[in-house]
Amino acid sequence: MRRIGHRGASGHAPENTIASFEKALALGCDEVETDVWLAADGRLIISHDPPAKDASLTLGEVLEFCRGRMGVNVELKSEASEARARETGARVAAELARGADGDAYVSSFWWPALEAARDAAPPVRRAFIFSDSPERTALLAGAKALGLWALHPNRAYVTPELVRDAHAAGLRVNAWTVNDPREIATFASWSVDGIMSDYPERVPRG
Ligand code: G3P
Ligand code: MG
């Protein structure tokens, strides 16, 4: 199972900061999840919420810190704008492709952001995040059409059937945000591929 630090290792250090990514690395993470916005000034800024004017940590800096050390799951954020979500997906995917960051990939609640990422840089892996219970057949057909690599369900929507059907369709399943060791053990027994946790040391590796 892949040990994925959520927003770095946000149970131990302020989320989405270099300190948090350093902690995730020290805790043996295979990868970290982080959130990125296309700011008004055109920069790609790391932040869970819409970035404040003085927010300064960029995607490029995080990729540089993680390169060759651990993977990066870049969550594409947007607020109430599909066009902005598309632009974000295209910009981020292009940046990942340019840096040849094979260990970095994109994920999003925004399907259009993933479509734009595919159009901009097809080799960059893509994962769909959800926090509901999409109709399974439609979800898997859509995933195939878009060439998704993985599904990222909220923990409440992870079932053995979802994992089974996703695997049969060639998709990985990475669940979020799972902090309870008993739930982590249950998901491991269902063959979930990766777990995003604020306490990533609780996720067994391998
Ligand atoms: O990427 C999974 C998870 O981080 C999505 O929700 O609000 O924590 O960014 P949120
Ligand atoms: Mg996130």
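## Exercises on a predicted model

The buried residues of helix 4 pack against strand 4, helix 3 (82-98), strand 5 (104-108), strand 6 (126-130) and helix 5. Keep in mind that this is a predicted model.

**Exercise 1.** Work out which residues of helix 4 (residues 111-120) are buried.

*Solution.* Start with the cut-off: buried means under 20% relative accessible area. Going along helix 4, the buried residues are P112, A113, L114, A116 and A117. Now look at what surrounds them: their packing partners include helix 3 and helix 5 as well as strand 4.

**Exercise 2.** Find the protein donors of the magnesium ion (ligand 2), and say what parts of the chain D35 and E75 tie together.

*Solution.* First, pick out the donors: E33 (OE), D35 (OD) and E75 (OE), which lie 2.0 to 2.1 Å from the ion. Next, put them in order along the chain, and you get the spacing E-x1-D-x39-E. Then place two of them: D35 is in strand 2 (residues 31-38) and E75 is in strand 4 (residues 71-76), so this pair links parts that are 40 residues apart in sequence. Finally, check accessibility: both D35 and E75 are buried.

**Exercise 3.** Describe how helix 2 (residues 59-66) and helix 3 pack.

*Solution.* Two packed helices are described by the angle between their axes and the distance between the axes. Here the axes come within 11 Å and cross at roughly 35 degrees. The crossing of helix 2 and helix 3 is right-handed. On the helix 2 side, the contact is made by L59, G60 and L63, and on the helix 3 side by V92, E95 and L96. Sort these residues by type and you have four nonpolar, one polar and one charged.

**Exercise 4.** Do the same for helix 5 (residues 136-146) and helix 6 (residues 160-168).

*Solution.* The angle is about 35 degrees, and the axes are 11 Å apart. This crossing is right-handed. Helix 5 brings R136, L139 and L140 to the contact, while helix 6 brings E161, L162, D165 and A166. By type, that makes four nonpolar, no polar and three charged.

**Exercise 5.** Decide whether the chain's radius of gyration agrees with that of a compact globule.

*Solution.* Begin with the expectation: for 206 residues, a compact globule would have a radius of gyration near 17 Å. The chain has 16 Å, so the two agree. For its extent, the C-alpha atoms fill a box of roughly 45 × 35 × 30 Å along the principal axes. Inside that box, the chain forms seven helices and nine strands. As for burial, 51% of the 206 residues are buried.

How values were computed. Residues are numbered from 1 along each chain as its sequence is written. Chains are lettered from A and ligands numbered from 1 in the order in which they are written. This is a predicted model: local features need pLDDT of at least 70, side-chain atom pairs count only at pLDDT 80 or more; totals for chains, interfaces and linings use all residues. Side-chain values use heavy atoms; hydrogens and water are left out. Donors are N, O and S atoms within 2.8 Å of the metal (3.2 Å for Na, K and Ca); water is not among the atoms, so sites may look incomplete. Helices (H or I, at least four residues) and strands (E, at least two) are DSSP runs, numbered from the N terminus. Buried means under 20% relative accessible area, exposed over 50%, partly exposed in between (1.4 Å probe, protein chains only). Axes are lines fitted to C-alpha atoms, for helices over the stretch in contact, and angles run from 0 to 180 degrees between N-to-C directions. A crossing is left-handed if the near helix is turned anticlockwise from the far one by less than a right angle, and right-handed if clockwise. Contact means heavy atoms within 4.5 Å. Ala, Val, Leu, Ile, Met, Phe, Trp, Tyr, Cys and Pro count as nonpolar, Asp, Glu, Lys and Arg as charged, and the others, Gly among them, as polar. The radius of gyration is taken over C-alpha atoms; the globule rule is 2.2 Å times the number of residues to the power 0.38.
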